Amino acid sequence: MAGELLVIGEIQSGGGLARVSAEVATIARRIGERAGRPVEGIVIGADPGRAASELVGYLPFSHAVSEPEAADHAAAAAVAPGLAALIAQRGLSHVLVGASPDGRDLAGMLSALLGWGVLVNAIDVGWEGGGPTVEMSVFGGRLLTSSTFAGEHGIVTVRPNAVVAEPLAEAGRVVETVLPAAAALPAVNVVQRVAEAGAAAPIEEARIIVAGGRGVAGPVGFGIVQELADELKGAVGATRAAVDAGWIPYAHQIGQTGKIVKPALYLALGISGAIQHKVGMQTAETIVAVNRDADAPIGEYADLFVVGDLFAVAPAIVAELRARRG
Ligand SMILES: Cc1cc2nc3c(=O)[nH]c(=O)nc-3n(C[C@H](O)[C@H](O)[C@H](O)COP(=O)(O)OP(=O)(O)OC[C@H]3O[C@@H](n4cnc5c(N)ncnc54)[C@H](O)[C@@H]3O)c2cc1C
């Protein structure tokens, strides 16, 4: 059917659906209802079954495309030509995909193959006057822009944690599909897959994050950040200042050039709250900051601002939590 919206579901290591894809599906369903257009999903990979069956938890219908090439090569180059052919064949109007490394690669390749525009890093997507309206945060969060496509087609990449994924009451159905034959792009060989340092604490998925900044004063200081995070069963985050100083790996960095997080609780220790940090954590449900400077910018947007020395406050919280647990 012409004019449908397509959600590209991404497979995470282990075979399940990437969380960002469930979020993208939730947004697409919402705008599909508004536009009166059907929404379908697609999962392409060496073994797409599990992720596709998870994607139909959020969409009424998804293709599952088995593409063995995706196992040994960078997925985008292996699947983009066939996917572009399928999109053209089915007369789809817009594509939504997560702004992950693979999602961004694929969006760029589809844009070149289809001649469609791309709007990147959306924090929200609506629908007005026959097309999507795409909200983007630019200049390190200083400006919010709202853009539309000039024509009737377009590709949108959506930031992780833009919305909370909402499952359907009843799961949809998966259909096994074969992509149409298309001229291949030069394959990009995957030489090695390396687990990200610090991946044991996936901060993008954490409900509670305890983050440390320059005020933590060194790798030893991060001990108290870790201790408090362990006590709260949360993950450890950091500012760029702490990462650049080599106190903690980049995998923990939150902000414009780090990760975007949306936890229920964000506890900031010794963090000034610069705009480049704020854009990565401002959508946390509750922000608690501990800073010895009463004028630190984070005080302007924290829900609870504790003016004090983190080396006194954080151990006191740990002690209180332990005392309550008995
Ligand atoms: C292009 C660009 C991209 C950037 N991307 C990012 C990014 O992704 N993420 C990011 O975080 N930053 C980013 N930055 C850097 C950003 O501008 C700030 O420099 C950085 O966030 C500051 O980190 P901080 O809050 O740890 O350090 P500071 O700004 O130095 O703040 C430290 C705070 O700790 C407090 N403090 C000190 N000792 C104690 C104590 N004992 N107890 C309590 N409080 C104490 C101080 O009062 C101060 O407020 C970027 C900058 C640029 C230009």
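Let me start at the ligand, where helix H7 (240-244), helix H8 (275-281), strand E13 (286-291) and helix H9 (310-325) each contribute at least two residues to the surrounding shell. I should say at once that what we are looking at is a predicted model. The shell holds 28 residues, and the closest to the ligand are Gly 213, Gly 215, Arg 240, Gly 255 and Ser 272. Sorted by character, the residues of that shell comprise nine nonpolar, 14 polar and five charged.

Stepping back to the whole chain, the protein has nine helices and 14 strands, and its C-alpha trace extends about 65 × 45 × 35 Å along the principal axes. A compact globule of 326 residues would be expected to have a radius of gyration near 20 Å, and the 22 Å of this protein agrees with that expectation. Of the 326 residues, 42% count as buried. If we take the contacts between residues at least 6 apart in sequence, 65% of them join residues at least 24 apart.

I would now like to go through two helices, beginning with H6, which covers residues 222-231 and in which Phe 222, Ile 224, Val 225, Leu 228 and Ala 229 are buried. Viewed down the axis of H6, these buried residues fall within an arc of 160°, so they line one face of the helix. As for what that face meets, the buried residues of H6 pack against strand E10 (208-212), strand E11 (235-238), strand E12 (265-269) and H9, and H9 is also one of the elements that supply at least two residues to the shell around the ligand. After H6 comes Lys 233, which has a positive phi, near 55°.

The second helix is H5, residues 101-114, and here we can ask what span its 14 residues should have at 1.5 Å a residue. The expected value is 20 Å, and the end C-alpha atoms of H5 are indeed 20 Å apart, which agrees. Its buried residues are Gly 103, Leu 106, Ala 107 and Leu 110. Seen down the axis of H5, they fall within an arc of 105°, and they therefore line one face of the helix. The elements covering the buried residues of H5 include strand E1 (5-9), helix H4 (75-90), strand E4 (94-98), strand E5 (118-128) and strand E8 (154-158). Following H5 is Gly 115, with a positive phi near 75°.

Key
Residues numbered from 1 in each chain as written. Predicted model: local features only at pLDDT ≥ 70, side-chain atom pairs only at ≥ 80, totals over all residues. Helix = DSSP H or I, 4+ residues; strand = E, 2+ residues; numbered from the N terminus. Rg over C-alpha atoms; globule rule 2.2 N^0.38 Å. Buried ≥ 20, exposed ≤ 12 C-beta atoms within 10 Å, placed from the backbone. Contact = placed C-beta atoms within 7 Å. Near = placed C-beta within 6 Å. Nonpolar A, V, L, I, M, F, W, Y, C, P; charged D, E, K, R; others polar. Arc of directions from axis to C-beta. Expected span 1.5 Å × (residues − 1).
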